[in-house]
Amino acid sequence: MDAKTQKAELTRAAIIGAALDVAAADGLESITLQAVADRVGLSKSGVFSRAGSREALQKAVIEEYGRSFLAQVFVPAMQQPKGLPRLNEIVRRWIARTRDVEAFTGCIYIAGAFELDDRSGELRDLLHTEITRWRAALRRTVLQAIEAGHLPGDTPPDQLVAEIYGLQMGLLHDVRFLRDPQAVHRTEASWARLVKSYQTA
């Protein structure tokens with residue numbers, strides 16, 4: 001990569017990072033070219049030339065958030081054996097990310113879903129696709145745990161995925177809004193009980 005291309009990539013990354021900050025603070029709909037330009041010290045046209053329209057920038061934020069989320073939560077967990085060890089690692093990393101990141105910045109998956117739930121259009125469709133893809137990855141991991149014999153054969157994967165999601169949404173609420181220092185501990189305990197309830201059902 002030559003120096004000019006590298007500089008352009010770094011500038012685009014800074015633009016998307018600034019847009020992520022705007023979205024975390026005020027929501028996806030708050031992203032504007034001018035708001036991002038003010039944060040990175042570029043002109044509005046400079047942001048447009050590197051990131052495209054406001055809608056393109058909003059989409060880039062969702063995609064970048066998804067890449068970061070998967071890189072921190074899902075990809076490292078793939079080092080664990082298939083089945084419950086991998087599922088446990090995913091949940092553990094998700095809890096840790098919520099504690100260390102989303103507690104301060106908010107979660108675009110969750111906040112964005114509430115923000116766009118009663119709207120239609122490409123932005124909602126993209127967020128829906130990203131979240132659905134993530135839930136499908138969770139579901140595959142649950143199925144692998146069933147196939148490995150770590151969970152009973154009659155375990156309903158969609159139910160367990162929904163319960164995992166519920167735990168994480170509750171955790172985000174408690175650490176971000178209530179600022180409850182015991183929220184992580186309770187979520188970890190809830191996850192352990194949830195797994196045990198399926199194993200002993």
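Two residues are in contact when heavy atoms of each lie within 4.5 Å. With that in mind, the tour may begin with the whole chain of this predicted model.

**The whole chain**

Display the full protein chain as a cartoon. Its secondary structure amounts to nine helices and zero strands, so the order of elements from the N terminus is simply α-α-α-α-α-α-α-α-α. Along the principal axes, the C-alpha atoms occupy a box of roughly 60 × 40 × 30 Å. The chain has 201 residues, of which 41% are buried. Of the contacts between residues at least 6 apart in sequence, 66% link residues at least 24 apart.

**Stop 1: helix H3**

Select residues 44-51, which form helix H3. Which residues of H3 are buried? They are Gly46, Val47 and Ala51. Viewed down the axis of H3, these buried residues fall within an arc of 105°, so they line one face of the helix. Now colour Ser45 and Ser49: both are exposed, and they sit on the face of H3 turned away from its buried side. To see what covers the buried residues, add helix H1 (3-26), helix H2 (33-40) and helix H4 (54-74), which are included in that cover.

**Stop 2: from H3 into H4**

Move one step past the end of H3 to Gly52, which has a positive phi of about 90°. Next select Ser53, in the loop between H3 and H4. Is Ser53 buried, exposed or partly exposed? Its relative accessible area is 28%, so Ser53 is partly exposed. Leaving aside residues up to four places away in sequence, Ser53 touches Leu33 and Phe48. Leu33 is 20 residues from Ser53 along the chain, and the C-alpha atoms of the two are 7.6 Å apart. Show the side chain of Ser53 as sticks as well: it reaches the backbone nitrogen of Ala56 at 3.1 Å.

**Stop 3: Thr11 in H1**

Go back towards the N terminus and select Thr11, a residue of helix H1. With a relative accessibility of 19%, Thr11 counts as buried, because the cut-off for that class is under 20%. Beyond residues up to four places away in sequence, Thr11 touches Leu42 and Arg50.

**Stop 4: H4 against H5**

Select helix H4 (54-74) together with helix H5 (residues 84-105). How do the two helices lie relative to each other? Their axes come within 8 Å and cross at roughly 125°; H4 and H5 are therefore oblique to each other. On the H4 side, the contact is made by Tyr65, Ser68, Phe69, Gln72, Val73 and Phe74. On the H5 side, Ile90, Arg93, Trp94, Arg97, Val101 and Glu102 take part. Sorted by class, this contact of H4 with H5 has seven nonpolar, two polar and three charged residues.

Two residues of H4 deserve separate selections. The first selection is Tyr65, which lies in helix H4 and, at 5% relative accessibility, counts as buried. What does Tyr65 touch, not counting residues up to four places away in sequence? The residues are Leu20, Arg97, Glu102, Cys107, Ile108 and Tyr109. With Glu102, the side chain of Tyr65 makes a polar contact, side chain to side chain, at 2.5 Å.

The other selection is Ser68, also placed in helix H4. At 23% relative accessibility, Ser68 counts as partly exposed. For a sense of scale, draw a distance from Ser68 to Leu127: the two are 59 residues apart in sequence and 15 Å apart in space, C-alpha to C-alpha.

**Stop 5: H5 against H7**

Keep H5 on display and add helix H7 (residues 122-147). These helices pack at an angle of about 145°, and their axes are 8 Å apart. From H5, select Leu84, Arg86, Leu87, Ile90 and Trp94; they meet Trp134, Leu138, Thr141, Val142, Gln144 and Ala145 of H7. By class, the contact of H5 with H7 comprises eight nonpolar, two polar and one charged residues.

**Stop 6: Arg179**

Finally, select Arg179 in the loop between helix H8 (157-178) and helix H9 (183-199). Although Arg179 is not a glycine, it has a positive phi of about 55°. Arg179 has a relative accessible area of 70% and is exposed. A line drawn back to Tyr65 connects two C-alpha atoms separated by 23 Å, from residues 114 apart along the chain.

Notes. Residues are numbered from 1 along each chain as its sequence is written. This is a predicted model: local features need pLDDT of at least 70, side-chain atom pairs count only at pLDDT 80 or more; totals for chains, interfaces and linings use all residues. Side-chain values use heavy atoms; hydrogens and water are left out. Buried means under 20% relative accessible area, exposed over 50%, partly exposed in between (1.4 Å probe, protein chains only). Helices (H or I, at least four residues) and strands (E, at least two) are DSSP runs, numbered from the N terminus. The arc is that of the directions from the helix axis to the C-beta atoms. Axes are lines fitted to C-alpha atoms, for helices over the stretch in contact, and angles run from 0 to 180 degrees between N-to-C directions. Ala, Val, Leu, Ile, Met, Phe, Trp, Tyr, Cys and Pro count as nonpolar, Asp, Glu, Lys and Arg as charged, and the others, Gly among them, as polar. Angles under 35 degrees count as roughly parallel, over 145 as roughly antiparallel, 65 to 115 as roughly perpendicular and the rest as oblique. A polar contact is a pair of N or O atoms within 3.5 Å; within protein, one must be able to donate a hydrogen and the other to accept it, and residues adjacent in sequence count only if both atoms are side-chain atoms.
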